[in-house]
Amino acid sequence: MNTRSWPGNRRPGPVPDAVTGERGRLINLAYRLLGSLAEAEDAVQETYARWYAMSAQQQDAVESPGAWLTKVAGRVCLNVLGSARVRRETSVGEWIPEPLPEPGEWTDGRPGGGTADPADLVTLDESVSMAFLVVLESMTPAERVAFVLHDVFRYSFAEVAEIVGRTPAACRQLASSGRRRVRASQPSPAPAPRQAAVVRGFRRAWEAGDIDALVGLLDPDATVIADGGGVVVRRPRVEGGEQVARACVELTGRAPGLTILERTVNGRPGLVAQQDGATTAVLAFDVAGDRVTRVWAVFDPAKLRAWTRG
């Protein structure tokens, strides 16, 4: 993982700047830990609430506000992951991490579609690809926190241990276990230009209702997983290339006037479905060679607030 490193972020400067300037970094960390921008924002808000609940003397005693905020945010996320796992496993249908657009496509989710605060934008790299986030979902909360903090954000195991509440040696084992999950679940992705070409071909075949062309672009064992936000969707999981192709054509048949746009989803080529100018679904793809192997389709309106601009 070659991701920007912020361990401790021990920057000089007055405490107010050192505190407020951490928000973007904390959002980036919390989103990778939780897979949900809404939950990440809540976790960061809770972190700041704990900071401002301290007296001025207590704040002045903190040598590195950035390190303190990271430790608290990590612990908040660890607690959220424990309860989130129960909610996600007992919810109706599938649960997919919240998809993110390119920075220029973000809105704040309010009427009128204002641009989101740049400090809240998540840096899009390989550590937020949908395939990577889905693997993170398979980890235990402690594995996920240890792996993300060490392998993605480059914190030392001593620093990770303070957040996870285990020994550095135990955190090393947790991160190693998470690393094995990633290696076992993620074959080398196709180069970005090839991914874009395959997704573009998929869009054109989908728009044309060309089942044969879609089958040609899909791996025979391709899978589509759909997240309807706890509301039962017609087919939350479709397996097999031909079945996926027919399901796509069936969807457009049920939604006349559907517009399919090529967009970047979590840093990789994806598609956005819109009807009457409103985003109704965001699709993320896993491409191996010249074939689509997996599609994650998010229909949950709560996860599409950053995509609401027509």
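**Helix packing and local features of the predicted model**

The protein has 12 helices and six strands. The model is predicted. Of its 310 residues, 48% are buried. Among contacts with a separation of 6 or more, 63% join residues 24 or more positions apart.

Helix 6 spans residues 130–137. This helix is mostly covered, with six of its eight residues buried. The buried set consists of Met130, Ala131, Phe132, Leu133, Val135 and Leu136. These residues pack against three helices and three strands: helix 2, helix 7, helix 9, strand 4 (268–275), strand 5 (278–288) and strand 6 (291–298). Phe132 belongs to this helix. Its relative accessible area is 1%, below the 20% cut-off, so Phe132 counts as buried. The C-alpha atom of Phe132 is separated from that of Val182 by 7.4 Å. Along the chain, the two residues are 50 residues apart.

Val182 also takes part in the contact between helix 9 and helix 7. Two packed helices are described by the angle between their axes and the distance between the axes. Here, the axes of helix 7 (residues 141–152) and helix 9 (residues 168–185) come within 8 Å. They cross at roughly 90°. The two helices are therefore roughly perpendicular to each other. Helix 7 contributes Ala142, Glu143, Ala146, Phe147, His150 and Asp151 to the contact. Helix 9 contributes Cys171, Leu174, Ala175, Ser177, Gly178, Arg179, Arg181 and Val182. By class, seven of the residues in this contact are nonpolar, three are polar and four are charged. An α-helix has 3.6 residues a turn, so residues three or four places apart point the same way.

Cys171, from the helix 9 side of this contact, has a relative accessible area of 0% and is therefore buried. Cys248 is likewise buried, at 10%. A disulfide is a covalent bond between the sulfur atoms of two cysteines. With a cut-off of 2.5 Å between sulfur atoms, the count of disulfides comes to zero.

A polar side chain is also found under cover in helix 2 (residues 23–34), where Asn28 is placed. Asn28 has 3% relative accessibility and so counts as buried. Its side chain reaches the backbone nitrogen of Thr123 at 2.7 Å. This distance lies within the 3.5 Å limit for a polar contact.

Glu250 lies in helix 12 (residues 241–254). With a relative accessible area of 32%, Glu250 is partly exposed. Its C-alpha atom is separated from that of Gly209 by 8.8 Å. The pair is 41 residues apart along the chain.

Two loop residues other than glycine have positive phi values, Arg154 and Asp276. Phi of Arg154 is near 65°. Arg154 sits in the loop between helix 7 and helix 8 (157–164). At 39% relative accessibility, this arginine counts as partly exposed. For Asp276, phi is about 55°. Asp276 occupies the loop between strand 4 and strand 5. Its relative accessibility is 80%, over the 50% cut-off, so Asp276 counts as exposed. Strand 4 and strand 5, which flank this loop, are among the elements that the buried residues of helix 6 pack against.

Note on methods:
Residues are numbered from 1 along each chain as its sequence is written. This is a predicted model: local features need pLDDT of at least 70, side-chain atom pairs count only at pLDDT 80 or more; totals for chains, interfaces and linings use all residues. Side-chain values use heavy atoms; hydrogens and water are left out. Helices (H or I, at least four residues) and strands (E, at least two) are DSSP runs, numbered from the N terminus. Buried means under 20% relative accessible area, exposed over 50%, partly exposed in between (1.4 Å probe, protein chains only). A polar contact is a pair of N or O atoms within 3.5 Å; within protein, one must be able to donate a hydrogen and the other to accept it, and residues adjacent in sequence count only if both atoms are side-chain atoms. Axes are lines fitted to C-alpha atoms, for helices over the stretch in contact, and angles run from 0 to 180 degrees between N-to-C directions. Angles under 35 degrees count as roughly parallel, over 145 as roughly antiparallel, 65 to 115 as roughly perpendicular and the rest as oblique. Contact means heavy atoms within 4.5 Å. Ala, Val, Leu, Ile, Met, Phe, Trp, Tyr, Cys and Pro count as nonpolar, Asp, Glu, Lys and Arg as charged, and the others, Gly among them, as polar.
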